[in-house]
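Got your viewer open? Let's take a short walk through this protein, one selection at a time.

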Amino acid sequence: MLRFTLYDQNVKIFRALILGELERGQNQYQALCFLSRLNHNEIIPSESMARLRQKNPLAIRLAEERRGLEQLTMSTAVNLSRAGQLSSHVYNVCSEAREAIYTSQEDAKHWLDKGAEGSVFEILPQTADVPGLQPCRVTTDLWQPCLCVYSLRLEWYPCLLKFCRSRETTGKGAPYRCGIKSCSKGYQFTYYVPQKQLCLWDEET
């Protein structure tokens, strides 16, 4: 199960609930949260969506534009109890992923520059810090630390406003907002886990 949330503090929250493999000693499900900065013009403002009326709201829609894969190295852990400095909603959305909330060093630096305290973040071990640290997909020992990869795709989200031209008698149509363009986009998150047991989906096939 994937949940994608946007908030006015320009924080994107991706929450994933992954069913566990009980026969391999996992819990019923595992929760992950990935936080990243919302870039300018990445998605249309919610107030713009509220003004536009949608025809056939119950219809299943396909994205008009399929965007490429964005690869993110989530090398920083986020302290849930202090994450309210980034967004007041992180605690509610990510409470089940208490020990598995990640962001990138670049985004952490951005929020630190904006006034967040250093106690919000913890730099995770990297390849240079842990000799022999490998991707989880090639690690055979379930209790060995490794670099996990989790991929997801947003199949539909409002990415741009559509503009049409009104038909005026002068022949010069004035542009006006007339709809929403939808996009699809993939994300690939790479992050450190203390044991492969927490990343069983990332295995060689």
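Start by selecting Cys148: does it count as buried or exposed? Cys148 has 0% relative accessibility, so it counts as buried. Keep in mind as you click around that this is a predicted model.

**Stop 1: the whole chain**

Zoom out and colour by secondary structure. You should find 3 helices and 9 strands. Reading from the N terminus, the elements go β-β-β-α-β-β-α-β-α-β-β-β. Now show the surface: the protein exposes about 12,700 Å², and carbon and sulfur atoms supply 49% of that. Of the 205 residues, 40% are buried. If you turn on contacts between residues at least 6 apart in sequence, 71% of them join residues at least 24 apart.

**Stop 2: the disulfides**

How many disulfides are there to find? The count comes to 4, and we'll visit some of them.

Go back to Cys148 and add Cys199 to your selection. A disulfide joins these two, with 2.0 Å from S to S. The pair links distant parts of the chain: Cys148 is in strand E8, while Cys199 is in the segment after E9, 51 residues apart. Look along the S-S bond and you'll see a right-handed link, with 85 degrees about that bond. Cys199 is at 0% relative accessibility, so this partner counts as buried.

Next, select Cys136 and Cys146, another disulfide, with an S to S distance of 2.0 Å. Cys136 sits in the loop between E7 and E8 and Cys146 in strand E8, so this pair ties together parts that are 10 residues apart in sequence. The torsion about the S-S bond is about 85 degrees, so the disulfide is right-handed. Both Cys136 and Cys146 are buried.

Now pick Cys33 and Cys94, whose sulfur atoms are 2.2 Å apart in a disulfide. Cys33 lies in strand E3 and Cys94 in helix H2 (residues 90-94), so the bond ties together parts that are 61 residues apart in sequence. Is the disulfide of Cys33 and Cys94 left-handed or right-handed? The torsion about its S-S bond is about -90 degrees, so it is left-handed.

**Stop 3: helix H3**

Select residues 105-113, which make up helix H3, and highlight Asp107, Ala108 and Trp111: these are its buried residues. They cover an arc of only 100 degrees around the axis, which puts them on the same side of H3. Spin the helix round to its other side, and you'll meet Glu106, Lys109 and Asp113, which are exposed. What covers the buried residues of H3? The cover includes strands E2 (11-19), E3 (29-37), E5, E6 (101-103) and E7 (121-123). Just after the helix, click Gly115, which has a positive phi near 115 degrees.

**Stop 4: Thr76**

From that cover, pick strand E5 (residues 76-78) and click Thr76. Its relative accessible area is 0%, so Thr76 is buried. Show its neighbours: among the residues it touches are Ala108, Tyr102, Phe121 and Ile123.

**Stop 5: an open sheet**

Finish with the strands E4, E9 and E8. They form an open sheet of 3 strands in the order E4-E9-E8, with mixed pairing. E4 (65-73) and E8 (146-165) are the edge strands, each pairing on one side only. On average, neighbouring strands here are turned by 20 degrees against each other, direction ignored. E4 and E9 (residues 175-193) pair in the parallel sense over 7 bridges. For one bridge to click on, select Glu70 and its partner in E9, Tyr187.

How values were computed
Residues numbered from 1 in each chain as written. Predicted model: local features only at pLDDT ≥ 70, side-chain atom pairs only at ≥ 80, totals over all residues. Heavy atoms only, no water. Helix = DSSP H or I, 4+ residues; strand = E, 2+ residues; numbered from the N terminus. Buried < 20%, exposed > 50% of the residue type's maximum accessible area, 1.4 Å probe, protein only. Contact = heavy atoms within 4.5 Å. Pairing = 2+ DSSP bridges. Axes fitted to C-alpha atoms, helices over the stretch in contact; angles between N-to-C directions. Arc of directions from axis to C-beta. Areas by Shrake-Rupley, 256 points an atom, 1.4 Å probe, with all protein chains shown as cover. Disulfide = S-S within 2.5 Å. Lists of a residue's contacts leave out its neighbours within four places in sequence.
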